[in-house]
Amino acid sequence: MITVFTARSIITMNPSLPRATAVAVRDDRIVEVGSLASMAPWLTAHEHRIDDRFANQIITPGFIDPHLHPTMAAVLLPMEFVTAMEWKLPWGTVRPTTTPDGFLARVRELDQQRADAEEPLFVWGYHQLWHGTLSRELLDQINPTRPIVVWHRSFHELYLSSGMLARLNITEEDAGNRKQIDYPNGHFFENGLGYAISRLNPYILAPERYAHGLERLRQVAHFGGHTTIGDLATGIFNFDSEWEATERILDTDETPFRVELVPHAARLLEGGRSHADVLAFIQDLPARNTHRLRFSDHVKLFADGAFFSQLAQLGPPGYIDGHQGEWIMAPHQLEEAMRTYWHAGMKIHLHVTGDLGLELGLELLEKMQWERPRFNHGFTFEHFGFSTPEQVARVKALGAQVSANVYYLYELSHIYAQQGIGYERSSQMARLNSCFAHGINTTLHSDFTMAPAEPLNSAWVAVNRVNCEGEVMCAEERITPAQALAAITLNAAGVLGRADDLGSIRAGKKADFTVLVEDPLAIDPMALKDIPIIATVFEGKVFPIEPNRSNG
């Protein structure tokens, strides 16, 4: 049986046939794109039905977020959100908290709402530029005994109360001499975060809690119109626990999207493994693939620290206050890791946030090209916060791709201009037009929960470059709505190595569509983020989105 979906207009992202009004689907694949008249030979030869429920709507390729963290989302979504920005989620809206007193008052309120004095309190969304200095002492003033965890907005750091330190049996003798841990203040960041996570895992990965988080992640991803997401750090907490729960909960008929899984190589090193051991483990992972969950030849590595924490590594003139960023992997360790995976033919995704982190990545990529030249190597710079025009040219020359978190510009450009690095560099975050002008395959991602998992929202920021204060930041780096749509469809498929069967609407590809009320290429660009999404089609099956949910 062939099903033909009709629409007011179908934006195909296929330059040979950019617009259509009908798409014929058999099983999970597209048979033909065009009009009812043009596909008459197929319809005459085969049993078919016309599905005109979207006859007045716009169909685009299914949205793809190539860098989202289902596991991180599953851990954070059951927490209490206390954030400086409004968050619209399928089950409710979180109003902003923008002052130190307001933040502490909200945490105190959440503490008082819990009748069980032993119940841990997990809070996500703290950021020092809005919420002031945080410490174990301040958390203890809220409740001297309750186990409290405050996870930073960046995810790369957290604070523990004395009650939680005691609950986890973390002592100063054990933790005080470790790098990137400030034990007196209960502050664990970057590699110190990994130590804290190892102790927190029994709580945050508790089966019932984690399953609830994944169920919420499924709602969030569908809410944003996704048909494919990339998990760009599989194993960030505990590989076996994550895989078991992800397979059980997301590899079901109720899940309207697929997940491309990219292992977190550094986490897999733990336990005394070598890079050779980890490489062999990763190369065996595709044997686990299911219908919706897929490992391939991709791997995730890290350079410098978190953008939201102002731990990105910057070249001169650095930060206004003179502080330094952090390396997640020391340069020599990153080089060793990159060499292992590059020489094995893996596609490397490198987390870089600052221009110095990007510089290190470029130098190492150039070195790898000298050692073992590769074409179509799929090396991708992830996040791409701060960069220089000259570095963009080198990205192109070395054949790399860019997956950018443009939401940084919306939430952080105003405050970073005042308390960070100054206006010039803050306004030029996510240098997207330069990437498109150089012909670099460039995509947009959320890094959820670093940004809302809403591709149209990311597209809106990229097209308008308007920040949370209403300022236009570096209009020269705006991209067009057509480029933005490519960045959340076909270009994103390319970054994940799936452009042959995802990302555009043409014969032979997967029947993945997102259905919109308005035309994103014809509407006022300032209205992009508010286009209602009424449904997705995943492999030919329709998954409606309730109108009230699509409007937040």
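**Helix crossings, buried loops and odd backbone angles**

Colleague: Let's start with H14 and H15: what is the hand of their crossing?

Modeller: H14 and H15 cross in a left-handed way. Bear in mind that this is a predicted model.

Colleague: And why are H14 and H15 called roughly parallel?

Modeller: Look at the angle. Helix H14 (residues 355–371) and helix H15 (residues 389–397) have axes crossing at roughly 30°, and those axes come within 11 Å. Angles under 35 degrees count as roughly parallel, therefore H14 and H15 get that label.

Colleague: Which residues make the contact there?

Modeller: H14 brings Asp-355, Leu-358, Glu-359, Leu-362, Glu-363 and Glu-366, while H15 brings Gln-391, Arg-394 and Val-395. Sorted by class, the contact of H14 with H15 has five charged, three nonpolar and one polar residues.

Colleague: What makes H9 oblique to H10?

Modeller: Again, the angle. The axes of helix H9 (residues 207–223) and helix H10 (residues 239–250) cross at roughly 50° and come within 10 Å. That value is not under 35 degrees, nor in the 65 to 115 range for roughly perpendicular, nor over 145, so H9 is oblique to H10. The crossing is right-handed.

Colleague: What sits at that contact?

Modeller: From H9 you have Tyr-210, Ala-211, Leu-214, Glu-215, Leu-217 and Arg-218, meeting H10 residues that include Ser-241, Glu-242, Ala-245 and Ile-249. The class count for H9 with H10 is seven nonpolar, two polar and four charged residues.

Colleague: And H12 with H13, how do you know that H12 is oblique to H13?

Modeller: The axes of helix H12 (residues 275–284) and helix H13 (residues 331–343) cross at roughly 40°, coming within 10 Å. Since roughly parallel needs an angle under 35 degrees and roughly perpendicular starts at 65, the pair is oblique. H12 passes H13 in a right-handed crossing.

Colleague: Who meets whom in that pair?

Modeller: On the H12 side it's His-275, Val-278, Leu-279 and Ile-282; on the H13 side it's Gln-333, Glu-336, Ala-337, Thr-340 and Tyr-341. That gives five nonpolar, three polar and one charged residues in the contact of H12 with H13.

Colleague: Where else does Tyr-341 show up?

Modeller: In the largest nonpolar core, which has 143 residues. Tyr-341 is listed with Trp-151, Phe-155, Leu-301 and Phe-381 as having the most contacts inside that core. Leaving aside neighbours within four places in sequence, Tyr-341 is in contact with several residues, among them Ala-265, Val-299, Leu-301, Met-346, Ile-348 and Arg-374. There's also a second, separate core of 17 residues, which includes Ala-20, Phe-54, Ala-511 and Ala-535.

Colleague: Why is Leu-311 called buried?

Modeller: Buried means under 20% relative accessible area, and Leu-311 comes in at 11%, so Leu-311 counts as buried. You'll find Leu-311 in the loop between S18 and H13. Beyond its neighbours within four places in sequence, Leu-311 is in contact with residues including Phe-189, Glu-190, Tyr-319 and Gln-324.

Colleague: What about Arg-465, buried or exposed?

Modeller: Buried: Arg-465 has 0% relative accessibility, and the cut-off is under 20%. Arg-465 lies in the loop between H19 and helix H20 (481–487).

Colleague: What makes the phi of Arg-465 worth a remark?

Modeller: Most residues other than glycine have a negative phi. Arg-465 is not a glycine, yet its phi is positive, about 50°. Cys-474 also has a positive phi, of about 60°, without being a glycine. Cys-474 is in the loop between H19 and H20. At 16% relative accessibility Cys-474 falls under the 20% cut-off, so Cys-474 counts as buried.

Colleague: Which peptide bond ending at Pro-317 should I look at, and what is its omega?

Modeller: The bond from Pro-316 to Pro-317 is cis, with omega near 10°. Pro-317 sits in the loop between strand S18 (298–302) and H13. Phe-448 and Thr-449 are also joined by a cis peptide bond, with omega about 25°. Thr-449 is in the loop between strand S22 (442–444) and helix H19 (455–464). As background, most peptide bonds are trans.

Note on methods. Residues are numbered from 1 along each chain as its sequence is written. This is a predicted model: local features need pLDDT of at least 70, side-chain atom pairs count only at pLDDT 80 or more; totals for chains, interfaces and linings use all residues. Side-chain values use heavy atoms; hydrogens and water are left out. Axes are lines fitted to C-alpha atoms, for helices over the stretch in contact, and angles run from 0 to 180 degrees between N-to-C directions. Helices (H or I, at least four residues) and strands (E, at least two) are DSSP runs, numbered from the N terminus. A crossing is left-handed if the near helix is turned anticlockwise from the far one by less than a right angle, and right-handed if clockwise. Contact means heavy atoms within 4.5 Å. Ala, Val, Leu, Ile, Met, Phe, Trp, Tyr, Cys and Pro count as nonpolar, Asp, Glu, Lys and Arg as charged, and the others, Gly among them, as polar. A nonpolar core is a set of buried Ala, Val, Leu, Ile, Met, Phe, Trp, Tyr and Cys residues joined through side-chain atoms within 4.5 Å. Buried means under 20% relative accessible area, exposed over 50%, partly exposed in between (1.4 Å probe, protein chains only).
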